[in-house]
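Trainee: I should like to go through this chain with you, beginning with its interior. Could we fix our terms before we turn to particulars?

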Amino acid sequence: MESEDLNNLDISSDSAAAQADPTPRGPRPICSNCTRPGPVCLCQSLPAQPIQTQTHVIILHHPHEADHKLSTTPILTKCLSNATAVIGRKLRPGLSPLLDQSPPAIYLFPPTKSSPAVTLSDLAASPLPRVLVAFDATWKHAREMVKASEEFLSAFATRVCLDVDESACGGSIYDSELVLRKEPFGGCVSTLEAVARALGALEPNGVEIEAQLIGVLRDMVGLQAGYLNKPIKPRPKLLKKGKEKQRLRIESERESESESENSTLSGHGRT
């Protein structure tokens, strides 16, 4: 009996919902050009013709990120004539005919102790690469993708990072203008922004190319923001373990000193 009553309640609820909203909602129309939903179509912001670059851009696109509404990779491949997206979790022989030729290349990712990186400004002093490799995924997945791809890339590519201070906040339009996605630390940027900055340093007319790409990204962020209840708060700056321990130790010492002073003052008051 109790089960039947629950079923009856479900039916009546469905019936009431159907009466309240008699017109079923279908899938949102998708723009055939920019592949984005109609209300946030970016066609008006895209270059009339794809931007020509001497640098070939290859983006390893994580399968989970490929359908994300805020992914900037599809926009990059629309904006640049020499940009290709490859869906996968690691770069390996046979995945990209261009990379199989072992061309002079760089791949963008922040440095670690075990895998240092050259900054873009330092790279300008050496022969410029033919290929720029970027990784589009969450930061957790991107680290895994880079680690899995480095054995293949190490034969011909150099790890390069943007000229930013990762311990500082800001530096990205996601921080300075509007936060749509949480980033793990200051200096993190979207794939489109990272590629734009890299091309700004690599291309003869890099300043203009970077400005065009960042303009498209700003429009994308602005359109998407109109459909958010409120911007996502950025993550607080993450401290390295050593700095965190040092901070806690200093705070503990200060508290001990304060307690000692208060105890001494109280003793003098009672005398």
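Mentor: A nonpolar core is a set of buried Ala, Val, Leu, Ile, Met, Phe, Trp, Tyr and Cys residues joined through side-chain atoms within 4.5 Å. Please bear in mind that the model is predicted.

Trainee: Which residues touch the most other members of the largest nonpolar core?

Mentor: This core holds 35 residues. Elements that give two or more residues to it are β1, α2, β3, α3, β5, α6 and α7. The members that touch the most others are Val57, Ile75, Leu80, Leu132, Val195, Leu199 and Leu213.

Trainee: Leaving aside neighbours within four places in sequence, with which residues is Val57 in contact?

Mentor: Val57 lies in the range 56-61 of strand β1. With neighbours within four places left aside, the contacts of Val57 are Asn82, Ala83, Thr84, Leu80, Leu132, Val195 and Leu199.

Trainee: How many residues does the other core have?

Mentor: The other core lies apart from the largest one. Ala105, Ala142, Met145 and Leu153 are among its members. Of these, Ala142, Met145 and Leu153 are also listed as buried residues of α4. The count for this other core is 20 residues.

Trainee: Against which strands do the buried residues of α4 pack?

Mentor: Helix α4 spans residues 139-153 and bends by about 25° at Lys147. Its buried residues include His141, Val146, Ser149, Glu150 and Phe152. The strands against which the buried residues of α4 pack are β1, β3, β5 and β6.

Notes
Residues are numbered from 1 along each chain as its sequence is written. This is a predicted model: local features need pLDDT of at least 70, side-chain atom pairs count only at pLDDT 80 or more; totals for chains, interfaces and linings use all residues. Side-chain values use heavy atoms; hydrogens and water are left out. The bend at a residue is the angle between axes fitted to the seven residues ending there and the seven starting there. Helices (H or I, at least four residues) and strands (E, at least two) are DSSP runs, numbered from the N terminus. Buried means under 20% relative accessible area, exposed over 50%, partly exposed in between (1.4 Å probe, protein chains only). Contact means heavy atoms within 4.5 Å.
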